[in-house]
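Work through the exercises below with the sequence and the structure side by side, and try each task before reading its solution.

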Amino acid sequence: MTKNIMIVGVGGQGTLLTSRIIGKAAMEMGFDVKISEVHGMAQRGGSVVTFVRFGEAVNEPVVEEGQADVIIAFERLEALRYAHFLKKDGVLVVNDCRIDPMTVVIGAKQYPENIIEGLKKEHAVYAIDGQKIALDLGNSKVLNSVVLGYAAGFIGFDKDVWLQTVSSTVPAKTIEINQKAFACGYDAEH
Amino acid sequence: MAKKTIMLGNEAIARGAFEAGVKLSSAYPGTPSTEISEYLAKYDEVYTEWAPNEKVAAEVAIGASVSGVRSLACMKHVGLNVASDPLYTFSYTGVGGGSVFVVADDPGLASSQNEQDTRMIARASHVPVLEPSDSQEAKDFVKYGYELSEAYDTPVILRTTTKLAHSQSAVELCDRVEVADKEYARNVQKYVMMPASAIGRHLVVEDREKRMAEDAADFPVNKMEINDKKIGFITCGIAYQYVKEVCPNASVLKFGLVNPISKKLVEDFVSQVETVYVFEELEPVIEEQVRAWGFAVKGKELFTRQGEYSANMLRRVLFGADEAVFEKQEAPARPPILCPGCPHRSVFSVLNKLKIHASGDIGCYTLGAVAPLGVIDTTICMGASISALHGMEKARGKEFIKNWVAVIGDSTFLHTGINSLINMVYNKATGTVMILDNRTTGMTGHQEHAATGKTLKGEETYAINLADLCRAVGVPNVIEISSFDVKGLEKVITESVNGDTLTVIIAKAPCVLLKGQKFPNVCAVNPDACKKCGACMKIGCPAMTRGEDGKVKIDATMCNGCGLCKNYCKFNAIETLER
C-alpha cells in the first residue's frame with residue numbers, strides 16, 4: 001500500500017529539505033519512493049507544496065485530493081489551504097505559526113481566525129509551536145527538524161532511522177542541533 | 001547489483017549524459033531545466049558552461065558535434081525558441097558526434113510565460129523527440145538519444161516536463177563509457193548549408209524521418225502493454241504514470257519516441273483494444289497524427305490542452321468523480337513575492353512613487369507587476385523590455401515614454417537585452433533603460449553569468465563590466481547607483497525620463513539570497529512613534545505586518561535589515577538595530 005505524505009508551507013521554510021529527508025528514510029527502509037519538488041519562481045515566498053510517496057511500486061509523483069495519509073503544514077493558513085487533500089482518516093500536523101500572505105498584508109484579504117479549531121472539527125489535527133522550540137534550542141533554522149520529529153510517528157519507521165537520515169542530509173556542522181530538534185519534536189506531547 | 005540511488009529527473013539526465021560519454025555541454029538557465037547543468041558540472045570528465053543564451057548554447061553544442069564529440073545543450077521550452085534558428089538547420093546537417101538538446105516544457109506554468117509544446121517545434125524541424133516518464137528513463141533515454149543521434153545522423157531532443165524534471169525517483173547507476181572522438185573530415189555538402197547543398201539535405205531529412213518512423217516499432221523506448229482489451233491508452237511522459245495509477249489493468253501504448261511515432265504500433269494497438277484514449281499533456285500531437293491515419297480515438301474533446309494532468313483529472317473524466325473526500329476551504333491566496341531585503345523592491349518603490357510605467361522582462365522582477373508595487377506593465381520574453389520601450393517611442397513619439405522605463409536583470413540583459421540596446425543607440429532612441437544588477441541569475445536559483453566573474457564550474461573568469469559595455473555600444477548616458485539609494489534613484493530617474501538622452505541606469509545590489517552575505521542589522525518599529533498611517537506597508541515587504549492595535553510590526557526572523565521601509569516613514573518610527 002502506498003503511503004502519501006504532503007509537506008506544505010511558505011517558500012523559504014525548508015519544506016523541500018523535509019521532503020527529501022522523508023524520501024531518503026523511506027528509501028533506507030527499502031521502499032520505492034517518489035518525491036515531487038517545487039523550484040523556481042514559486043519558491044519566492046509563495047505557497048509551496050511538496051510530495052513524498054512510498055510503497056512497493058509508486059507511479060505518479062504527486063499526492064492528490066483525498067489521498068494524503070499525512071499532511072505536514074509549516075503554517076496555519078497553508079494547513080487550511082491543503083486540508084482537503086487528506087484521506088478520510090488522514091492526519092494533519094501543523095506548525096502553529098502565522099505568516100501573512102501579501103493579500104493580507106495589503107489589506108485585500110483577512111487572515112482567517114481559529115484555523116486549527118476549525119480543522120479539528122473534520123480532521124485529526126496535531127499542532128506544535130515549532131518556532132518556539134527551535135528558538136529555545138538556539139537556532140530558528142532547525143524548525144523543520146522539530147516539525148518533522150513531531151510528524152515522524154505518523155509516517156512510521158524507527159526513531160534511529162530518522163535520526164540517521166537527518167544526520168546524513170543536513171549540513172555537517174548542524175547535525176547535533178538538528179538531531180536534538182528532531183528528538184524534541186518526536187518526544188513532544190501529541 | 002548496480003547501485004540504486006534516488007535522483008531528481010534533472011540529475012538523472014546529467015548522469016545519463018555523463019554515462020553516455022558526453023564531453024561538452026552548454027546551456028542557459030531556465031526553470032525547469034537549470035539543475036541539469038549544475039549536476040553535470042560536478043563531473044570533471046565533461047566540459048560544461050553557461051552560455052549567454054540558448055542560441056549560443058545550441059551552436060556551441062553543434063560545433064562540438066561537428067568536431068566529432070558527443071555534445072549536449074539544455075534549455076527550457078521558451079529557450080528553444082531562441083535556439084530554434086540553429087536547430088532547424090542542425091536538423092539538415094545532422095551530426096558528427098551525437099548531439100542531444102534537452103528541452104524542458106512547463107505545463108501548468110510553474111515558472112514560465114507560456115505553455116508551448118516542444119513537440120510542435122520538433123515536428124516542424126523534423127527532429128526526433130524522446131520523452132521519459134521517470135528518473136530512470138530520463139537517464140536511459142539520454143543515453144539512447146546518443147545512439148539514435150549517431151545511427152540516424154540527427155540531433156535528438158529529450159523533452160521533459162516540470163513534474164519529471166523536479167521529481168525524484170530511484171535510478172541505477174552505470175559507469176561512464178568513453179566514446180572515441182570521430183575523425184573530423186571537411187564535408188561541404190553536409191555542413192555548409194548554402195542552397196545548393198541544403199536542397200539535397202532536405203531530402204535526407206525527409207528520408208531519415210520516414211526510416212525512423214518505420215524502425216520505431218522495434219525501438220525499446222516504445223512499450224506496448226496489452227491487458228484489458230476493453231480500454232486502452234496511447235500516452236507518453238509523465239501522463240503514463242497517471243494512467244498506471246488510475247487504470248492499472250488497462251492496455252497501454254507508451255511512446256518513448258514521441259516524434260516520429262510508429263504507425264505500425266498504433267495500428268497494432270488500436271486493432272486489439274476496443275476504446276482507445278490518447279492521453280497527452282498540452283497539444284494533441286500524437287492524437288492528430290493517429291486521427292490523420294484514420295484511427296478512431298478519444299482525446300482532447302475530453303482532456304484539456306491546459307496545465308498539468310493528474311490522476312484525479314483522469315478519474316473525473318473516466319468515472320465522473322475523483323478521490324476527494326473533503327471540500328476545499330476558502331483561504332486567501334499566497335502568490336510568490338519579492339523577498340525581504342530584495343533590491344528590486346527598492347527600485348520599484350521609487351518607480352511606484354514617481355508613477356512610472358515599466359516595460360518589463362523575465363526574472364524575479366516580473367513580480368513587480370502585482371500589488372502593492374504594481375509598476376510592471378508588460379512581460380513578453382527575454383530581452384523584450386528594451387525593444388518594446390523602443391517600439392513605443394517610435395510609434396507614439398518621445399513624449400509618450402516620458403513616464404516609462406524598461407527594466408531588465410543583469411543576466412537577462414546579457415541574454416538578449418544587449419541587442420535591443422544596440423537597436424536603441426542605432427535608431428536614435430531617447431528612452432530610459434534600468435538594468436537591475438543583482439549579480440546573479442536570480443529566479444532560476446543563482447547561476448553565474450558573463451558579468452559575475454565565475455564560470456559554471458566555479459572558476460574565476462573575466463567579469464564583463466555592464467556600464468563599460470553600454471558605453472561601448474554608444475549609450476551616451478550611463479549611471480551606476482545603489483539599488484537602495486532611494487533619493488538618488490528618484491533624482492536620476494526623474495531627470496532621465498524627462499530628458500532626451502538615451503540613458504542606462506544600472507541599479508546595483510546583490511540578491512539577498514546569494515550565499516556568503518551577512519545581514520548584521522534588523523529593522524524594528526518603535527510603537528510609540530508609529531502613527532498607523534501604513535505608508536511603509538506600500539513597499540510590500542513580507543516581513544511587515546500590522547498588529548492587533550493597527551501598528552506596524554517587523555518580523556525579526558524575516559527582516560534582512562535593508563532599511564527600505566525607513567525611507568517611507570514620515571515619523572521616523574522605524575529604527576535599524578544590530579541583530
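A residue is called buried when its relative accessible area is under 20%, exposed when that area is over 50%, and partly exposed in between. Keep in mind throughout that this is a predicted model.

**Exercise 1. Classify the two residues of the salt bridge between A:Asp136 and A:Lys132 by their accessibility, and state how they are placed in their helix.**

Solution. Begin with the contact itself, in which the side chains of A:Asp136 and A:Lys132 form a salt bridge with an N to O distance of 3.2 Å. Next, compare each residue with the cut-offs: A:Asp136 has a relative accessible area of 58% and is therefore exposed, while A:Lys132, at 49%, counts as partly exposed. Finally, consider the helix, because the two residues stand four apart in helix 5 (residues 130–137) of chain A and are thus separated by about one helical turn. In general, an α-helix has 3.6 residues a turn, so residues three or four places apart point the same way.

**Exercise 2. Decide whether B:Asp105 is buried or exposed, and do likewise for B:Arg159.**

Solution. The side chains of these residues, B:Asp105 and B:Arg159, meet in a salt bridge of 2.8 Å, N to O. This pair connects distant parts of the chain, since B:Asp105 belongs to strand 5 (residues 99–105) of chain B and B:Arg159 to strand 7 (residues 156–161) of chain B, 54 residues apart. B:Asp105 has 0% relative accessibility and so counts as buried, and B:Arg159, with a relative accessible area of 1%, is buried as well. Both residues also belong to one network of salt bridges with shared partners, which includes B:Asp117, B:Arg119, B:Glu131 and B:Glu280.

**Exercise 3. Describe the contact between chain A and chain B, going from its extent to its individual pairs.**

Solution. Start with the extent: 49 residues of chain A and 58 residues of chain B take part in the contact, and the two chains bury about 4500 Å² between them, 60% of it on carbon and sulfur atoms. Then turn to the pairs, where 17 residue pairs are in polar contact, both residues being at pLDDT 80 or more. By class, the side of chain A that touches chain B has 20 nonpolar, 13 polar and 16 charged residues. Three salt bridges are counted between the chains, and one of them joins the side chains of A:Glu78 and B:Arg334 at 2.5 Å, N to O. As a last step, look at the strands: strand 2 of chain A runs antiparallel to strand 8 (residues 167–172) of chain B, joined to it by three bridges, and A:Lys34 has B:Ser169 as its bridge partner there.

Terms used:
Residues are numbered from 1 along each chain as its sequence is written. Chains are lettered from A and ligands numbered from 1 in the order in which they are written. This is a predicted model: local features need pLDDT of at least 70, side-chain atom pairs count only at pLDDT 80 or more; totals for chains, interfaces and linings use all residues. Side-chain values use heavy atoms; hydrogens and water are left out. Contact means heavy atoms within 4.5 Å. Buried area is the accessible area (1.4 Å probe) that two parts lose on being put together, summed over both. A salt bridge is a side-chain nitrogen of Lys or Arg within 4 Å of a carboxyl oxygen of Asp or Glu. A polar contact is a pair of N or O atoms within 3.5 Å; within protein, one must be able to donate a hydrogen and the other to accept it, and residues adjacent in sequence count only if both atoms are side-chain atoms. Ala, Val, Leu, Ile, Met, Phe, Trp, Tyr, Cys and Pro count as nonpolar, Asp, Glu, Lys and Arg as charged, and the others, Gly among them, as polar. Two strands pair if DSSP finds at least two bridges between them. Buried means under 20% relative accessible area, exposed over 50%, partly exposed in between (1.4 Å probe, protein chains only).
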